[in-house]
Amino acid sequence: MEDQTVPGSTPDAELRFSRFDPKDSRLQIINDSKLFSPIVTEYMKKHWGLADKGFDYNVVAVFGSQSTGKSTLLNRLFGTNFDVMNESTGRQQTTKGIWVSKAEDTNTLVLDVEGTDGGERFEDQDFERKSALFSLAISEVVIVNMYENNVGLYNGANLGLLKTVLDVNLQLFQQAGSPKTCLYFVIRDFTSQTPLSKLSETLMSYLEKIWAGLSKPDTKKDYSIHDFFTFAFVGLPHKIFARDAFESAVTQLRHKFTDRNNSEYVFVPALHKRVPADGFSTFAKGIWDRIVASKDLDLPTQTQLLAEHRCEEISKEVFEGYFVGGVKSLKAVESGKVLDEFGETANDKVKESLVLFDKDGSRYNSSVYERKRIEFFNKMATYLLPLFNQQLANLSKKTLESFTTSLAAGLAADEASGVFNFASHMETALRSSEAAFRSAAIASTLEGALDWTPDVQFNQFLIEIHRVSGDKRREAVERMVGSVQKVVVGAMKDTVIAKLNAGGPLMWGGVIDAYKDNVVFGIVQVQKRGAGFEASHEEIEQWKGNLQWQTWTGLLDTLKDETKDEAMCARLKNIFESKFRYDENGVPRLWNLEDPIDLYFAAACEEAERALNTYARIDKSITLLGDEILEDQCFARNSQHETKKRFDPACINIISSGRLQNIRDRFKKDADMLFMEAKRSMVVTTAKIPPWFIALTVILGWNEFMLVLFNPVYFTLLAITLGGLYVGYQYGMIGPAYHTGKVMVKGVLREAISELEKNGVDVPEFLKLDGAEKNAKPRRKATKKEGESSQSKEQDEADKKLD
Ligand SMILES: Nc1nc2c(ncn2[C@@H]2O[C@H](COP(=O)(O)OP(=O)(O)O)[C@@H](O)[C@H]2O)c(=O)[nH]1
Ligand SMILES: [Mg+2]
């Protein structure tokens with residue numbers, strides 16, 4: 001509701017003026033403060049039901065002097081309820097202003113102008129002029145109400161009003177071609193004494209005179225009054241003195257205003273102001289505002305302004321009331337979904353919105369309406385565009401995913417079969433993805449929206465697809481080359497280890513052959529598999545270089561592992577032992593005193609040293625290693641590695657000289673130990689118990705033997721012992737039993753000796769347990785000095801005796 005204050009009126013009147021009254025269908029469209037009603041639209045809708053009638057309505061107004069029966073006439077003609085002066089109480093106070101009501105049976109808006117008697121005050125003249133101007137501008141028909149006896153009075157109020165009407169008209173119509181207005185003269189208290197034709201002639205001549213006397217602008221000098229008006233005349237007999245005649249004349253007149261089929265029907269289409277009913281309020285207000293501001297009126301401009309305004313309003317209404325809700329479902333694209341129905345929904349809703357817009361908007365000024373229609377379409381398209389772009393982004397993502405999946409499936413099948421067809425998988429996936437994207441994108445576009453093009457996203461999509469397929473191809477190639485490398489390096493490694501373990505003069509030849517053979521095998525594999533990737537020559541060369549490099553570093557790593565200090569020591573020890581401890585036939589040697597052990601030792605050392613030198617370096621002259629492998633192919637791939645790992649052109653060092661010395665030292669210790677062991681075993685095998693010692697034992701132990709043989713207890717014990725020994729021997733228990741017994745006996749002996757010493761008995765030194773213990777292990781014995789050996793022999797004897 002507009003914020004308007006009504007000067008000079010009571011708050012009550014103000015309230016009544018601006019508040020919708022559901023009980024009263026009459027509306028004061030302009031009040032006595034010259035304010036325009038804010039609730040016309042509401043009346044159009046709720047009371048009069050005209051809002052959606054388009055052009056199917058008419059407007060009629062009346063003007064004339066005060067109390068000439070205007071309201072009475074309107075009520076009779078249109079079944080309205082305008083205030084009428086009460087005949088018995090005399091003149092009643094009627095609110096000044098312009099009132100509107102709808103005809104009872106037809107879509108006609110009836111305007112009743114309540115004025116004061118003309119010529120009173122300037123202010124009132126001004127209101128009258130403005131009311132006349134307003135009525136004329138918005139009505140198709142203006143009823144000019146006058147008494148017959150006033151017709152001839154040129155200076156009378158009626159003709160003064162007519163002059164005003166024509167004067168105003170001149171201001172209004174600046175261009176020809178606008179709809180004409182019908183001035184319908186109703187002669188009240190018509191007596192028929194002067195025929196109507198005569199009266200109308202008189203009136204017309206007055207009107208022509210008035211028209212001629214108006215100061216017209218140059219552009220309108222040549223126009224006649226008939227270019228802007230049509231005229232009609234009717235006489236109504238006296239309402240009281242010729243009641244029946246009055247009634248029948250009114251009835252006849254009513255038919256002319258209400259019956260479309262009447263031959264004199266008043267509201268002919270040519271009179272229509274072409275203002276659609278829903279725009280009536282805006283139109284009327286625009287006119288009134290201009291009148292109040294006393295600006296020159298330009299009806300065409302008004303209709304254009306109206307069209308602008310209304311079309312804008314209609315588009316807003318349809319946009320907010322229908323379109324936004326209708327396309328709400330499309331917002332789902334914001335969650336990343338691809339909506340199959342996107343295009344269909346968008347197009348449907350836009351079309352339906354345009355139909356709604358057309359329904360009301362098409363009635364307005366056609367050029368404005370068409371422009372506004374385009375604007376409305378663009379508004380909807382602009383609203384949908386971000387959603388469309390989102391839809392395409394989602395589509396791009398989804399299609400890219402299916403592309404990746406289909407490519408990955410093809411690759412997986414290739415990897416399973418070992419036959420690679422990457423290029424053809426890529427082609428197939430690309431073609432179907434492109435088609436899927438294109439068709440879905442086109443289906444999503446809005447017809448007629450020229451800036452809705454999927455081209456940018458499509459190009460972006462293609463770039464993405466190529467990036468993805470490039471990545472996939474690289475990964476697949478890496479896997480393919482990697483798997484070939486793994487097989488090649490693995491096989492090479494196994495062979496190389498076997499060759500290294502076998503040793504010998506042909507070792508390096510075998511190692512290098514293993515390298516070469518596997519590289520060649522790998523290159524064939526890579527080339528075969530690479531064909532499916534449509535790899536370029538450079539690419540294949542790179543793979544080959546890579547493969548050679550990997551195999552070569554694999555070889556070097558294997559050599560490094562296999563020639564570590566421990567491994568080398570073990571190897572040398574093996575070589576030494578096989579030469580030193582075994583004879584030519586591989587039979588272990590049993591050392592005799594006469595064996596030339598030092599010679600064997602020297603020969604074995606020499607053999608080990610020779611082997612060590614072989615392992616230490618690859619001599620190219622020995623291995624017949626082609627330069628091309630070492631120098632060109634191996635290092636072609638990466639110059640970084642090249643600078644790091646370039647070899648002496650004559651040989652390749654596997655073990656550095658520092659490490660060689662270390663290995664030699666460690667081996668020397670092992671060899672020395674083996675030598676000493678050999679020496680000792682030679683002593684052990686030659687050291688036998690002499691016969692005199694056995695004889696001495698028999699003599700010294702004679703009494704004890706006899707005691708055992710003749711004492712039944714001892715004898716039984718001996719028998720049991722012998723039996724036990726036999727059983728132990730049968731079950732291989734002698735060794736463990738021997739050791740257990742020995743330990744026990746030693747314990748007892750220790751006890752006994754300490755007991756004897758306590759009692760002052762002088763125990764011989766050799767029986768002392770410490771000495772026995774010290775010489776227990778033959779290995780240690782071998783490392784003892786010569787002088788100690790006899791003592792240890794005696795100890796052994798003591799042990800035996802105790803056993
Ligand atoms: N003489 C005469 N009086 C009429 C006629 N119609 C209405 N009246 C009376 O004129 C007075 C004014 O009527 P009203 O319709 O209020 O006039 P308005 O002020 O022009 O609207 C009332 O007393 C009516 O009864 C008519 O045709 N002839
Ligand atoms: Mg009246």
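# Salt bridges and a nonpolar patch

Me: Asp-289 is partly exposed, so to speak, but what is its relative accessible area?
Reply: This is a predicted model, where local features need pLDDT of at least 70, side-chain atom pairs count only at pLDDT 80 or more, and totals for chains, interfaces and linings use all residues. Residues are numbered from 1 along each chain as written, chains are lettered from A and ligands numbered from 1 in written order, and side-chain values use heavy atoms, without hydrogens or water. Buried is under 20% relative accessible area, exposed over 50%, and partly exposed in between (1.4 Å probe, protein chains only). Asp-289 falls in that middle class, with 37%.

Me: Which residue forms a salt bridge with Asp-289?
Reply: A salt bridge here takes a side-chain nitrogen of Lys or Arg within 4 Å of a carboxyl oxygen of Asp or Glu. The closest N and O atoms of this pair are 2.9 Å apart. The two partners sit four residues apart in helix α8 (residues 280-292; helices are DSSP runs of H or I, at least four residues, numbered from the N terminus), so about one helical turn separates them. The partner is Lys-285.

Me: Glu-375 and Lys-372 also meet in a salt bridge; why are they about one helical turn apart?
Reply: Their N to O distance is 3.2 Å. Both belong to helix α11 (residues 366-417), and the turn follows because their spacing there is three residues.

Me: Is Lys-372 buried or exposed?
Reply: Its partner Glu-375 is partly exposed, at 36%. Lys-372 has a relative accessibility of 8%, so it counts as buried.

Me: Which residues are linked with Lys-372 in a network of salt bridges?
Reply: Glu-375 is one of them, the partner we just met. The others are Arg-371, Glu-308 and Glu-312.

Me: What is the N to O distance between Asp-561 and Lys-564?
Reply: Asp-561 is partly exposed, at 39%, and Lys-564 is partly exposed too, at 45%. Their side chains meet in a salt bridge at 3.7 Å.

Me: How many salt bridges does the count come to?
Reply: The Asp-289 and Lys-285 pair is a salt bridge, as is the Asp-561 and Lys-564 pair. By the 4 Å rule, the count comes to 39.

Me: Which helix gives the largest share of the nonpolar patch?
Reply: Leu-709, Phe-710, Phe-715, Leu-718, Leu-722 and Leu-725 form this surface patch, with about 600 Å² of accessible area together. Helices α23 (702-710) and α24 (712-730) each supply at least two residues. Leu-718 is found in α24 and is partly exposed, at 33%. The largest share, four residues, comes from α24.

How values were computed. Patch = residues over 30% accessible without salt bridge, like charges linked within 9 Å, V, L, I, M, F, W, Y side chains within 5 Å. Areas by Shrake-Rupley, 256 points an atom, 1.4 Å probe, with all protein chains shown as cover.
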